Amino acid sequence: MSSEQKQVDFYYLTRDPVEKLVAVLAQKTLDGGDKLLLVSSDFEQIEKMSAALWDSGPASFLAHGIVGCPEDKLQPVLISDECDPVNQARFVALSDGQWRDEALDFDRTFYLFTQKEVDAARQAWRDLSTRENVTPRYWKQDGGRWVQGP
């Protein structure tokens, strides 16, 4: 892990499902010229995220793959159950509410959690706040928008 400043964005999902947000994050990441790794240990969630990327809006498809395909390293968005940047992604989204320290090997981390994972998210926030090279930021849903919150 490098000593460069790392950004960890905590997204508290109170309204929309994870798959809706990952499609937005994937599009913004690709628009910025970067690659994204989506991580989840939940196979059902992996399938839902893949489906959301197939149909992320009018006339849109976000190119992606699920780890284990022959073209893994070429995928702009790769979905995996491990925090391993096979596709050379600089951004990672922890989509299942589970913190993984390997996420700090990426330039930017999106940590998505629901009410069910609030306690784990609070613990991750406390732990990350003590590290010199980590900047945690909190995002919450305000109607249909995401706003940075206290």
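Start by selecting Tyr111: in this predicted model, Tyr111 is buried, with a relative accessible area of 0%. Colour by secondary structure and you'll find Tyr111 in strand 6, residues 108-113.

Now bring up what surrounds Tyr111. Setting aside neighbours within four places in sequence, its contacts are Val8, Asp9, Phe10, Tyr11, Leu94, Gly97, Gln98, Trp99, Ala120, Ala121 and Ala124.

Pick Gly97 out of that list. Where does the Tyr111 side chain meet Gly97? Draw a distance to the backbone oxygen of Gly97 and you should get 2.8 Å. Switch to C-alpha atoms and the Tyr111–Gly97 separation is 6.8 Å, for two residues that sit 14 apart in sequence.

Next stop: helix 2, so select residues 43-54. Those twelve residues reach 17 Å from the first C-alpha to the last, close to the 16 Å expected at 1.5 Å a residue.

Show side chains for Gln45, Ile46, Met49, Ser50, Ala52 and Leu53, which are buried. Look down the axis: they cover an arc of only 160°, which puts them on the same side of helix 2. Phe43 and Trp54, on the other side, are exposed.

What do the buried residues of helix 2 pack against? Add these to your selection:

- helix 1 (18-31)
- strand 2 (36-39)
- strand 3 (65-66)
- strand 4 (77-80)

Last, zoom in on the N-terminal end of helix 2, where Asp42 acts as the cap. One of its side-chain oxygens lies 2.9 Å from the backbone nitrogen of Glu44.

Conventions:
Residues are numbered from 1 along each chain as its sequence is written. This is a predicted model: local features need pLDDT of at least 70, side-chain atom pairs count only at pLDDT 80 or more; totals for chains, interfaces and linings use all residues. Side-chain values use heavy atoms; hydrogens and water are left out. Helices (H or I, at least four residues) and strands (E, at least two) are DSSP runs, numbered from the N terminus. The expected span of a helix is 1.5 Å times one less than its number of residues. Buried means under 20% relative accessible area, exposed over 50%, partly exposed in between (1.4 Å probe, protein chains only). The arc is that of the directions from the helix axis to the C-beta atoms. Contact means heavy atoms within 4.5 Å. A polar contact is a pair of N or O atoms within 3.5 Å; within protein, one must be able to donate a hydrogen and the other to accept it, and residues adjacent in sequence count only if both atoms are side-chain atoms.
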